[in-house]
Amino acid sequence: MPGNSTRVISDLPRAHRCPKCQSPGLNRTEFRYPVLGYSDFELACICCGLSLWQRPDESPRQTYFRWLMDRIAF
């Protein structure tokens, strides 16, 4: 992570499964940037190693779809 970030909250939401391997639960970590006035959320799967940066208006499945589409070369 660039700049000064503070790792604040790490929790395991039980309602979401990993969109890649379907393991139960994703580790969700919030990174706050107090100087810049915003925060980012990272979803990480312990089983397959998937790491997604979730936007505030996205579900984990939407974030995974955006991640996949970013890797397709048209």
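Visitor: Where does Q22 sit, and is Q22 buried, partly exposed or exposed?
Guide: Welcome to this predicted model! Q22 lies in the loop between β1 (6–11) and β2. Its phi is positive, about 65°, although Q22 is not a glycine. Buried would call for under 20% relative accessible area and exposed for over 50%. Q22 has 42%, so the word for Q22 is partly exposed.

Visitor: How far apart are the C-alpha atoms of C48 and Q22?
Guide: C48 belongs to another loop, the one between β3 and β4. Along the chain, C48 and Q22 are 26 residues apart. In space, the separation of their C-alpha atoms is 9.5 Å.

Visitor: Which residues is C48 in contact with, leaving aside its neighbours within four places in sequence?
Guide: C48 has a relative accessibility of 32%, and that value makes C48 partly exposed. With those neighbours left aside, the contacts of C48 are C18, K20 and C21.

Visitor: And which residues does C18 touch, again without the neighbours within four places in sequence?
Guide: We have just met C18 as a contact of C48. Seen from C18, the list holds C48 too. In full, the contacts are S23, L26, C45, C48 and L50.

Visitor: Which residues make up the largest nonpolar core?
Guide: In soluble globular proteins, nonpolar side chains tend to be buried together. Here the largest nonpolar core has seven residues. Among them are C18 and L52. The whole set is C18, L26, L43, C45, L50, L52 and Y64.

Visitor: Which residues of β4 are on the covered face, and which are on the uncovered one?
Guide: L52, a member of the largest nonpolar core, is on the covered face of β4 together with Q54. The uncovered face of β4 is made of S51 and W53.

Visitor: How many bridges join β3 and β4, and in which sense do these strands pair?
Guide: Strand β3 covers residues 38–44. One of its residues, F41, has Q54 in β4 as its bridge partner. Together the strands have four bridges, and the sense of the pairing is antiparallel.

Visitor: Which residue in the hairpin of β3 and β4 takes a positive phi?
Guide: This hairpin has six residues between the strands. A phi near 85° is found at G49.

Visitor: What sits over the ring of F41?
Guide: F41 is the residue of β3 that bridges to Q54. At 4.0 Å from the centre of the F41 ring lies the charged end of R28.

Visitor: Which kind of aromatic pair do F31 and W53 form?
Guide: A pair of aromatic rings is described by the distance of the centres and the angle of the planes. The model has three aromatic pairs. For F31 and W53, the centres are 5.6 Å apart and the planes make an angle of 45°. Stacked needs under 30 degrees and edge-to-face over 60, so this pair is tilted.

Visitor: How many residues apart are F31 and W53, and which of the two is buried?
Guide: F31 is in strand β2 (residues 27–33) and W53 is in strand β4 (residues 51–54), 22 residues apart. W53 has a relative accessible area of 34%, so W53 is partly exposed. With 9% relative accessibility, the buried one is F31.

Visitor: What pattern does the protein chain follow along the sequence?
Guide: The chain has 74 residues, and buried residues make up 30% of them. Its secondary structure consists of one helix and four strands. Read along the sequence, the pattern is β-β-β-β-α.

Terms used
Residues numbered from 1 in each chain as written. Predicted model: local features only at pLDDT ≥ 70, side-chain atom pairs only at ≥ 80, totals over all residues. Heavy atoms only, no water. Phe/Tyr/Trp six-rings, centres within 6.5 Å; stacked < 30°, edge-to-face > 60°. Buried < 20%, exposed > 50% of the residue type's maximum accessible area, 1.4 Å probe, protein only. Lys NZ or Arg CZ within 6 Å of the ring centre and 35° of its normal. Pairing = 2+ DSSP bridges. Core = buried A, V, L, I, M, F, W, Y, C linked by side-chain atoms within 4.5 Å. Contact = heavy atoms within 4.5 Å.
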